[in-house]
Structure formats: C-alpha cells, structure tokens
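Visitor: Got a minute to walk me through this one? I'd like the strands and the surface.

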Amino acid sequence: MSRRKPKRHRGGFSLLEMIIAMTLLSVVMTAVTSVLGTSRQAWEAHEADHLRLRTAHAAVRHIVRAVREAAEIVNITTGSTTNTRLTVILSDGDTLTWQHDSSRKTISLTQTSVSSMPTVIAEGVETLEFVPFRVDGGQFQSSMMHRAQEIEITVGVLLPRETPVVRRAASRVWLRPFGRNRPA
C-alpha cells in the first residue's frame, strides 16, 4: 500500500484575503475618525459656551463684591441705553465705575485711585443691567438713584449654538454700610 503524503497548507494569506481585510480596516478607521472628529467639535462648542457662562458669572461676582463694600451709589445708567454704567464711591473716597460697551461687547472698570484708563474685566458680554431697589423692595425713580440700597446686577452672554439665545447671570447685592461709611 502506498501512503499518500498529506498536502501542506501555506501559513500566509491570499491576495484576495488581504484586499478584503484592508478594505474593512479602512472602512472602520474612517468611521472611527469621523465619530471622533464630531465628538471633538461638540466638546469644543460646549467648552466655548461654558466659558461664556463662566465669564458672565465672574463679572457678576466681581461687581457684587465691590458694591457690597461701597459707601454710596453715585450714578446708575440702565435700561434701554446702549452703554450701561454704575458708579459707586468707597469709604476711602475712591470711585469705581463699571461700564458696558455694547459695540465691543465688554465690561470695563475704572478705579480713580489706580488709573483713569478703564480695565476690561469681561469680554463677549451682550447685556449688562443694573436695577436699583429701596429697602422695601420697590424700584427707584431716576431722580433718586444715588439713594438706592440694593441693586440687581444682570450680565447676559450670547450662546450661538442654541438658536442664538442670550443667557443671563444675575445677583442682588445690598450696600452694607449704607449711610455709615460715607466719605467726609
């Protein structure tokens, strides 16, 4: 009896198998790259919106801290005007002025003891509103703005992803030393 030798199979891939494998790999890699690119764009857009909101909250906190220590409100320009302004005087006689420039979309601070030039404290701000109140919670008439004891501060920023909408950060602040620490 003759014995047949078993056929040996080669350990490699055929050209057709290699082409199919490379085609599948390229389809998978293209899909993964597309998904990762879209995810990155969504992350960056979310981060940009979050940065705008943080800017609004930081501007409100900055103004609240300073107004809390103010001795008196000197001037408030608010409402439908294009450049909103708040001026307070501190117990040491120093004057602080916050102003919103609607064309540049900035909030700037001018402090008389430091410089007569304004310093930008927030960028990308769409709206800045100051609403003064009396002790009993009623709003003031424009002739009595300097006697306000509480102010509502609202900063609005534009979030372009969300069907352009202005999101707002707001806070109310009392003047702590009302009538006690006024400069002489």
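Guide: We'll take the strands, then a surface patch. Keep in mind that this is a predicted model.

Visitor: Fine. Is strand 3 largely enclosed or open, and why?

Guide: Largely enclosed by the rest of the structure, because 6 of its 7 residues are buried. Strand 3 covers residues 95-101.

Visitor: How does strand 2 pair with strand 3?

Guide: In the antiparallel sense, over 5 bridges. Strand 2 is residues 85-90. For a concrete contact, take V88: its bridge partner in strand 3 is L96.

Visitor: What links those two strands?

Guide: Strand 2 and strand 3 form a hairpin, with 4 residues between them. G93 sits in that turn and has a positive phi of about 95°.

Visitor: And strand 4? How many bridges does it make with strand 3?

Guide: 6 bridges, antiparallel. Strand 4 runs over residues 106-111. Q99 has S108 in strand 4 as its bridge partner.

Visitor: Which residue in the turn between strand 3 and strand 4 has a positive phi?

Guide: K105, at about 60°. Strand 3 and strand 4 form a hairpin, with 4 residues between them.

Visitor: Switching to the surface. Which residues form the nonpolar patch?

Guide: F13, M18, M22, L25 and M29. Together they have about 560 Å² of accessible area.

Visitor: Where is F13?

Guide: In the segment before helix 1, which spans 15-68.

Visitor: Does F13 count as buried or exposed, and why?

Guide: Exposed, because its relative accessibility is 65% and the cut-off for exposed is over 50%.

Notes
Residues numbered from 1 in each chain as written. Predicted model: local features only at pLDDT ≥ 70, side-chain atom pairs only at ≥ 80, totals over all residues. Heavy atoms only, no water. Patch = residues over 30% accessible without salt bridge, like charges linked within 9 Å, V, L, I, M, F, W, Y side chains within 5 Å. Areas by Shrake-Rupley, 256 points an atom, 1.4 Å probe, with all protein chains shown as cover. Salt bridge = Lys/Arg side-chain N within 4 Å of Asp/Glu carboxyl O. Buried < 20%, exposed > 50% of the residue type's maximum accessible area, 1.4 Å probe, protein only. Pairing = 2+ DSSP bridges.
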